[in-house]
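Welcome! Here are some short exercises, each with a worked solution, to help you find your way around. Keep the view open beside you as you read.

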Amino acid sequence: MDLLFQFLSNTGYYLADYRNVIMIVVGSVFLYLGTAKKYEPLLLVPIGFGILVGNIPFFKGFGLGIYENNSVLHYLYFGVTTGLYPSIVFLGLGAMTDFSSLLARPSLMLLGAAAQMGIFFTLLGALALGFLPKEAASIAIIGGADGPTSIFLTAKLAPHLIGPIAIAAYSYMALIPVIQPPIMRLLTSRKERLIRMPELRDVSKKERIIFPAVAVILCCFLAPASIPLLGTFFFGNFLKECGVADRLAQTARTSIIDTATILLGLTVGASTQGDVFLTPKSVAIFALGAVAFSIATASGVIFAKIMNLFLKEKINPLLGAAGVSAVPGSAREVHLVGQSEDPENFLLMHAMACNSSGVIGSAICAGILWSFMIVL
Amino acid sequence: MYDQKKGCFAYTLIILKAGGYQLYGFTAISTHNGWAMAIAGALIVFAGLLVLSAAISQLHKILMLLEKKDSDSKSNQKFPEDDEPEDQKDKPVSPLPKEFPTDLDEIACIYKPLIDEIGETFYLSDLYEIARKNDFPHPHITFTAFRESEILVPCGDGVFSWNPPTENEDNDNG
């Protein structure tokens with residue numbers, strides 16, 4: 001009988017805490033959004049399931065939890081804490097990205113830079129709310145709307161915040177269709193939304209091959225701390241474009257990125273154990289994340305309007321919203337908002353140019369912030 | 001000159017921090033050098049992407065220049081096969097008559113040297129290309145007429161064979 005009671009006292013039902021229950025509900029919501037609503041399913045499904053796995057109460061000291069040495073989850077989590085998975089994800093992203101539209105219209109790259117202002121505004125906001133500089137920098141990078149970049153920087157600067165920051169970053173990426181359109185409509189007039197973009201010129205194969213090599217040199221010389229992200233990103237793109245390593249490019253954009261995404265999502269989800277995750281800091285991180293994302297969207301749109309003051313051939317300011325690096329969600333949203341005003345206005349390719357420059361911009365920002373924190 | 005007031009302030013902040021007191025608002029931003037980090041960070045990322053966009057905006061021009069230079073140097077080089085005089089090289093496969101005939105059989109005779117050039121079976125696009133190169137008038141219309149009169153016979157997969165008018169007649173009789 002004692003054995004039975006002892007066993008029962010070790011079960012999850014007995015050890016359950018209200019925080020675990022809350023997080024299991026959150027995980028279920030993620031799974032619902034990913035599967036039923038199809039909001040970023042490739043991210044939300046592994047994270048949602050990871051939240052369920054990570055919040056099953058267990059007897060401490062068994063080597064089961066993600067924060068316990070020698071547990072399987074702990075070993076898998078190693079890829080997150082070292083920044084390994086984000087680098088691998090960037091390799092796959094590079095092998096998927098087509099920079100043709102960006103090469104055809106390089107001036108759109110500035111919108112990718114403008115949308116990074118959300119990061120620096122949030123840095124100030126997080127400092128003002130009492131976060132330490134390294135924590136503030138990790139929170140600020142949510143404004144880049146790039147999950148792997150956020151995880152990478154947080155792993156380097158404030159590993160104790162990986163859970164809330166990753167969840168906040170991915171949540172807002174999934175909520176792009178909810179967050180961005182109202183801001184875009186608020187900051188633009190109907191006349192501006194109707195602006196049509198000219199057809200892009202054809203980009204030669206040579207240009208596409210040379211671009212990753214030139215970009216990795218220029219960007220990484222400026223912010224060497226972004227080498228783990230941009231190095232693999234442009235390497236993946238070079239594999240895709242060079243035409244002699246198709247097999248490697250194919251593997252990078254399929255098996256490799258899929259494996260990294262599964263392990264990244266599952267372990268980040270599992271790292272959100274109720275007792276670690278449900279703190280006032282997490283609430284503040286979520287609030288700041290929303291602010292960061294909104295400011296990033298707004299600053300991209302406003303900068304596009306400023307550019308229009310000087311350009312002969314006006315650009316559609318909606319494109320500024322695609323400067324955040326949520327690929328391809330924000331580009332798709334810009335295209336849809338443009339089409340809601342004029343069904344024959346095709347902004348997708350131009351928006352993808354801003355989007356891909358946003359990926360580069362947010363990775364540079366991560367490198368810059370990391371460098372700043374090394375000095376501190 | 002050492003600003004005593006500023007020095008005292010910074011010293012107080014360090015003591016507060018060491019004592020576990022948290023800083024908030026503008027004080028926290030100033031203490032942690034937040035303003036400088038935000039402005040410098042924004043400027044660096046802007047400068048970086050500006051340089052990159054400037055570089056890639058010139059990329060296609062540089063490539064065009066290099067390609068032009070390359071083609072110029074190639075045309076200046078003398079290869080044995082280039083010894084052929086320029087007028088000989090561009091000489092059409094079949095000299096066109098001054099007045100192009102209207103009779104299909106006669107047109108087919110004029111097309112014969114082109115067919116000998118491209119082989120027994122060929123893609124229509126190849127025939128079209130060589131006809132254009134030789135300035136044959138209205139190749140599209142001619143091909144349609146050839147097909148209707150079974151001078152051009154489809155062999156499947158876009159490949160055609162040539163069935164000269166005399167053989168055509170034989171077939172009909174046979």
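The exercises below go through one chain, its sheet, the contact between two chains and a few packed helices.

This is a predicted model, in which local features need pLDDT of at least 70, side-chain atom pairs count only at pLDDT 80 or more, and totals for chains, interfaces and linings use all residues. Residues are numbered from 1 along each chain as its sequence is written, while chains are lettered from A and ligands numbered from 1 in the order in which they are written.

**Exercise 1. Find which helices and strands chain B has, and in what pattern they follow.**

Step 1: Helices (H or I, at least four residues) and strands (E, at least two) are DSSP runs, numbered from the N terminus.
Step 2: Chain B has 8 helices and 3 strands.
Step 3: Along the sequence, their pattern in chain B is α-α-α-α-α-β-α-α-β-β-α.

**Exercise 2. Work out the order of the strands in the sheet of chain B.**

Step 1: Strands pair if DSSP finds at least two bridges between them.
Step 2: β1(B) and β3(B), residues 159-162, are antiparallel and share 3 bridges, and β2(B) is joined to β3(B) by 4 bridges, also antiparallel.
Step 3: The order is therefore β1-β3-β2 in an open sheet.
Step 4: The edge strands of chain B are β1 (121-123) and β2 (152-156), each pairing on one side only.
Step 5: From one strand to the next, the twist averages 40°.

**Exercise 3. Which residues stand opposite B:S161?**

Step 1: One of them is B:T121.
Step 2: Another is B:V153.
Step 3: Elsewhere in β3(B), B:V159 is the bridge partner of B:Y123.
Step 4: Now look at the faces: in a regular strand the side chains alternate between the two faces of the sheet.
Step 5: In β3(B), B:F160 and B:W162 form the covered face, and B:V159 and B:S161 the uncovered one.

**Exercise 4. Describe the contact between chain B and chain A.**

Step 1: Residues are in contact if their C-beta atoms, placed from the backbone, lie within 7 Å.
Step 2: The contact takes in 28 residues of chain B and 36 residues of chain A.
Step 3: On the chain B side, α2 (25-31) and α3 (34-76) each supply at least two residues, and the largest share, 20 residues, comes from α3(B).
Step 4: By class, this side of chain B has 19 nonpolar, 9 polar and no charged residues (Ala, Val, Leu, Ile, Met, Phe, Trp, Tyr, Cys and Pro count as nonpolar, Asp, Glu, Lys and Arg as charged, and the others, Gly among them, as polar).

**Exercise 5. How does α16(A) lie against α21(A)?**

Step 1: Two packed helices are described by the angle between their axes and the distance between the axes.
Step 2: Axes are lines fitted to C-alpha atoms, for helices over the stretch in contact, with angles from 0 to 180 degrees between N-to-C directions.
Step 3: The axes of α16(A) and α21(A), residues 348-375, cross at roughly 150° and come within 9 Å.
Step 4: Angles under 35 degrees count as roughly parallel, over 145 as roughly antiparallel, 65 to 115 as roughly perpendicular and the rest as oblique, so α16(A) and α21(A) are roughly antiparallel.
Step 5: In α16(A), A:L229, A:L230 and A:F233 meet A:I360, A:A363 and A:A366 of α21(A).
Step 6: This contact has 6 nonpolar, no polar and no charged residues.

Terms used. Contact = placed C-beta atoms within 7 Å. Buried ≥ 20, exposed ≤ 12 C-beta atoms within 10 Å, placed from the backbone.
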